Amino acid sequence: MDDVYCFGGNPLDRVSERRDDSDWIIELLDDSQTRVLALRDLKPFIRGTTVPALDWHPVAPWRDRIDGGAPLIFLGLGDGRAHFAIDAAGASVAPDVDIERLDVRALAPTIAPGEAAILAEARSLLDWHARHRFCAQCGSPTTMVSAGWKRRCPGCRAEHFPRTDPVVIMLAIRGERALLGRNRRRPGSRFSCLAGFVEPGETPEEAVRREVREEAGVHCGRVRYLAAQPWPFPSSLMMGFLTEALTEEITVDPEEIAEARWFTRDEIREMVMRAATGPDDPSRVSIPAPVAIAHHICRRWSSGLDSV
Ligand SMILES: [Zn+2]
């Protein structure tokens, strides 16, 4: 059984083959069982503060906005009912709607894992629509079709699909030591796996070798895939790898990395335990919390579950 990390494990059946059936979508929106998740500024409405949960509403309070053309996405079927997301940008809040909203990154680890995955789906799609209102081919305004899973250009007939950006994130291993880097943009003593976008015309394995060489000057050989995680900020797919380092000397890319260092397996195991149990102590080196796949790559290697 694969490990599933935060934002993975979406329980909804996306029923992608019926997204173009507009009569069926209208039927779903007329069903009193159907639920809508509203996001404003990409933050969801929630209920409960000590144990927060997504605040799913019936369609009725959002009917006027739906009829007015607000971005609406069919997320899928689950628990015998349809689930939609709506962009509540600029909306005066419906009368019976809780107005509390939380940032997705902070909220995700505190809600049920399946809900975090649904939230990732909703956030990535609504963000994509907000940023792709014009045709990349001819510049005309585009319209949302296929229940939110496509945009079509009335000018040149081009179709545009939501994008997912592949990112490789990896731990380079040299015997009993592994390479972690500290990003220039992140202050403090937080180290993490090196990472970077896969470029056009490149396999993930090639991207792993290129990124480790560019960011830390270390040459790598074998590459082994571990697991992936959707990361909806805005639409990355984090693909986790171990890779075998063939060289040891570190030369960092100062544009990206403030410092890179070899850590022993014991040191990483200890950082994993601290990151899993509490907030960062800024005076000590640390790794990301379990919300991030970097944590699990470090955990799996340092506890001996995986080797290159
Ligand atoms: Zn066009």
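Which residues form one aromatic cluster with Trp-231? They are Phe-7 and Phe-233. Keep in mind while browsing that this is a predicted model.

**Aromatic pairs**

Let's stay with the rings for a moment. Searching the whole structure turns up eight aromatic pairs. Two of them are set out here, with their geometry.

| Pair | Arrangement | Centre to centre | Angle between planes |
|---|---|---|---|
| Phe-7 and Phe-233 | edge-to-face | 5.8 Å | 75 degrees |
| Tyr-225 and Phe-241 | edge-to-face | 5.5 Å | 65 degrees |

The pair of Phe-7 and Phe-233 ties together distant parts of the chain, 226 residues apart. Phe-7 belongs to the segment before helix H1 (22-30), while Phe-233 sits in the loop between strand E13 (220-231) and strand E14 (236-245). Both of these phenylalanines are buried.

Tyr-225 and Phe-241 are 16 residues apart, with Tyr-225 in strand E13 and Phe-241 in strand E14. Their surroundings aren't alike: Tyr-225 has 44% relative accessibility, so it counts as partly exposed, whereas Phe-241 has a relative accessible area of 2% and is therefore buried.

**Charges over rings**

Two arginines also park themselves on tryptophans. Arg-19 has its charged end over the ring of Trp-149, 3.7 Å from the ring centre. Likewise, the charged end of Arg-265 sits over the ring of Trp-301, at 4.4 Å from its centre.

**The zinc site**

Now for the metal. The zinc ion has Cys-135, Cys-138, Cys-153 and Cys-156 as its protein donors, each through SG, at 2.3 to 2.4 Å. The angles among the four donor atoms run from 99 to 115 degrees, and the site is tetrahedral. Along the chain, the donors show the spacing C-x2-C-x14-C-x2-C.

How accessible are Cys-153 and Cys-156? Cys-153 is at 0% relative accessibility, so it counts as buried. Cys-156 reaches 29%, which means it counts as partly exposed. If you're hunting for disulfides, the structure holds zero of them.

**A three-stranded sheet**

There's also an open sheet to look at, with three strands in the order E7-E8-E9 and antiparallel pairing. Strands E7 (143-145) and E9 (159-160) are at the edges with a single partner strand each, so one side of each has no neighbour in the sheet. Three bridges join E7 to strand E8 (residues 150-152) in the antiparallel sense. Thr-143, for instance, has Arg-152 in E8 as its bridge partner.

Key. Residues are numbered from 1 along each chain as its sequence is written. This is a predicted model: local features need pLDDT of at least 70, side-chain atom pairs count only at pLDDT 80 or more; totals for chains, interfaces and linings use all residues. Side-chain values use heavy atoms; hydrogens and water are left out. Donors are N, O and S atoms within 2.8 Å of the metal (3.2 Å for Na, K and Ca); water is not among the atoms, so sites may look incomplete. Four donors count as tetrahedral if all angles lie between 85 and 135 degrees; four count as square planar and six as octahedral if opposite donors are over 155 degrees apart and all others between 65 and 115; anything else is irregular. Buried means under 20% relative accessible area, exposed over 50%, partly exposed in between (1.4 Å probe, protein chains only). Two strands pair if DSSP finds at least two bridges between them. Helices (H or I, at least four residues) and strands (E, at least two) are DSSP runs, numbered from the N terminus. A disulfide is a pair of cysteine sulfur atoms within 2.5 Å. Rings of Phe, Tyr and Trp (its six-membered ring) pair if their centres lie within 6.5 Å; planes under 30 degrees apart count as stacked, over 60 as edge-to-face and the rest as tilted. A charge sits over a ring if NZ of Lys or CZ of Arg is within 6 Å of the ring centre and within 35 degrees of the ring normal.
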